[in-house]
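Work through the exercises below with the model open beside you. Try each task before reading its solution.

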Amino acid sequence: MATTNVAAQVFDTIMSIPGMNEMVKIDLKISRKNVLLLNGIIERGLSEKGGENDGILANVPDADLQELKAVADEALQKAGLVDLNEKLRSLGSVK
């Protein structure tokens, strides 16, 4: 537990460094497969916020997490994978 607190404090300190809120432009070219994987990883990480494995995400403002979700959604849209992602999600939820 102490290690998690230290990691969360270090992460919070890094996030408060001047200039961390400045926008950067990233030219990213990745395969559609990796767009789907990246979106899934981001969604999984965001869905675990508040859970027992919360760790360093505990102190991240909701606005920042929503911005990250928007980046993932934009990547899906630009790759033309929104419909496919929704259908894959529906397959995963059927049990």
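The exercises on this predicted model go from the overall fold to single residues.

**Exercise 1. Describe the secondary structure of the chain and its burial.**

Solution. Start with the element count: the chain has four helices and zero strands. Next, read the order from the N terminus, which is α-α-α-α. Then turn to burial. The chain has 95 residues, and 16% of them count as buried. Finally, check the contacts with a separation of 6 or more: 67% of these join residues 24 or more positions apart.

**Exercise 2. Find the largest pocket and say what lines it.**

Solution. Begin with size. The volume of the largest pocket is about 1200 Å³. Its lining comprises 30 residues. Nearest the centre lie Val-24, Ile-26, Glu-67, Leu-68 and Val-71. Now assign the lining to elements: α1 (2-15), α2 (32-47) and α3 each give two or more residues. The top contributor is α3, with 10 residues. Last, sort the lining by class. It holds 19 nonpolar, nine charged and two polar residues.

**Exercise 3. Place Lys-69 and list its partners.**

Solution. Locate the residue first: Lys-69 sits in helix α3, which spans residues 62-79. Set aside neighbours within four places in sequence. The remaining contacts of Lys-69 are Glu-43, Leu-46 and Arg-89. Now look for a polar contact. The side chains of Lys-69 and Glu-43 make one, at 3.0 Å.

**Exercise 4. Identify the largest nonpolar core and the helices that build it.**

Solution. Recall the general trend: in soluble globular proteins, nonpolar side chains tend to be buried together. Then pick out the members here. The largest nonpolar core has five: Val-35, Leu-36, Leu-76, Ala-79 and Leu-81. Both α2 and α3 supply at least two residues of this core. Now follow one member outward. Leaving out residues up to four places away in sequence, Ala-79 touches Val-35 and Arg-32.

**Exercise 5. Is Gly-80 buried or exposed? Explain the class, then place the residue.**

Solution. Place it first: Gly-80 lies in the loop between α3 and α4 (82-93). Take its relative accessible area, which is 60%. The cut-off for exposed is over 50%. Gly-80 therefore counts as exposed. Finally, relate it to Arg-32. The two residues are 48 apart along the chain, and their C-alpha atoms are separated by 8.6 Å. Arg-32 also appeared in the previous exercise, as a residue touched by Ala-79.

Definitions and conventions: Residues numbered from 1 in each chain as written. Predicted model: local features only at pLDDT ≥ 70, side-chain atom pairs only at ≥ 80, totals over all residues. Heavy atoms only, no water. Polar contact = N/O pair within 3.5 Å; in protein donor to acceptor, adjacent residues only side chain to side chain. Contact = heavy atoms within 4.5 Å. 1 Å grid on protein atoms, 1.4 Å probe; cavity = no way out; pocket = protein on both sides within 12 Å on 5 of 7 lines; lining within 4 Å. Points joined across faces, edges and corners; volume = space filled by probe spheres on them. Nonpolar A, V, L, I, M, F, W, Y, C, P; charged D, E, K, R; others polar. Core = buried A, V, L, I, M, F, W, Y, C linked by side-chain atoms within 4.5 Å. Buried < 20%, exposed > 50% of the residue type's maximum accessible area, 1.4 Å probe, protein only.
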